[in-house]
Amino acid sequence: FVHGLLSAAGSELNFNVGVVVKEEENARLAVKMLTGAAASSPPKLLKRMNLLNASLRHDRELFLGLLTLQYAPELRVARPALDALLNEDVGLLLVIASYVTHPRSCLFQFGGFMGQVWD
């Protein structure tokens, strides 16, 4: 999963699925996008910090927290005020997001993946 891209072109890649096809010498990874508008384009060069691995629990939790921040109606309304109060600290925003949805499970992304539901 791609996350944390801020540029106009890069933000379109956020929350899309991709697969690493090769590692470049400049510490970037060539990622072939599997979903979204970029699926038919050549591989994108991304930093490791902008990629999440679905097989790692920590990365899944981060992904679910980021999805909650982006799409939960309660946080979308409160986000401008929270950004101002917390100086846009994403770590604190993720802690707050963890209380908005419970239990943290992602059926629409991981349902049926390897025959189990990831939480």
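What percentage of the 119 residues of the chain counts as buried? In this predicted model, the share that counts as buried is 33% of the 119 residues.

**The whole chain**

Start with the full chain in a cartoon view and follow the elements from the N terminus, where they run α-β-β-β-α-α-α-α, giving five helices and three strands in the chain. If you then turn to contacts in the chain with a separation of 6 or more, you will find that 38% of them are between residues 24 or more positions apart.

**The sheet**

Select the three strands next, which form an open sheet in the order 1-2-3 with antiparallel pairing. Strand 1 (18-23) and strand 3 stand at the edges, and because each has a single partner strand, one side of each is left without a neighbour in the sheet. Looking across this sheet, you can see neighbouring strands turned against each other by 45° on average, when direction is ignored. Now keep strand 2 (residues 28-33) together with strand 3, since this is a pair to inspect in detail: the two run in the antiparallel sense and are joined over four bridges. Within this region, select Val31 and look across to strand 3, where Lys44 stands opposite.

**The loop before strand 1**

Move to the loop between helix 1 (8-11) and strand 1, and select Glu12, which lies there. Is Glu12 buried or exposed? Its relative accessibility is 60%, and because the cut-off for exposed is over 50%, Glu12 counts as exposed. Add Ala37 to the selection and draw a line between the two C-alpha atoms: Glu12 and Ala37 are 25 residues apart in sequence, and their C-alpha atoms are 8.2 Å apart in space.

**Salt bridges**

Switch on the side chains now, for the model has four salt bridges by the rule used here. One of them joins Glu24 and Lys22, whose closest N and O atoms are 3.6 Å apart. Another joins Asp59 and Arg48, with 3.8 Å between the closest N and O atoms. This pair links distant parts of the chain, as Asp59 is in helix 2 (residues 57-71) while Arg48 is in the loop between strand 3 (44-47) and helix 2, 11 residues apart. Colouring by accessibility shows Asp59 as buried, with a relative accessible area of 10%, whereas Arg48 counts as partly exposed at 43% relative accessibility.

Continue to helix 3 (residues 73-85), which holds both Asp83 and Arg79, four residues apart, or about one turn of the helix. Their side chains meet in a salt bridge, at 3.2 Å from N to O. Here Asp83 is buried, with a relative accessible area of 17%, and Arg79 counts as partly exposed at 26% relative accessibility.

**Where two helices pack**

For the last stop, select helix 2 and helix 4 (residues 90-98), which pack at an angle of about 85° with their axes 9 Å apart. Helix 2 and helix 4 are therefore roughly perpendicular to each other, because angles of 65 to 115 degrees count as such. Which residues of helix 2 meet helix 4? On the helix 2 side, show Leu62, Gly65, Leu66, Thr68 and Leu69, which meet Leu93, Leu94 and Ala97 in helix 4. Colouring this contact by residue class shows six nonpolar and two polar residues, and no charged ones.

Terms used:
Residues numbered from 1 in each chain as written. Predicted model: local features only at pLDDT ≥ 70, side-chain atom pairs only at ≥ 80, totals over all residues. Heavy atoms only, no water. Buried < 20%, exposed > 50% of the residue type's maximum accessible area, 1.4 Å probe, protein only. Pairing = 2+ DSSP bridges. Axes fitted to C-alpha atoms, helices over the stretch in contact; angles between N-to-C directions. Parallel < 35°, antiparallel > 145°, perpendicular 65-115°, else oblique. Contact = heavy atoms within 4.5 Å. Nonpolar A, V, L, I, M, F, W, Y, C, P; charged D, E, K, R; others polar.
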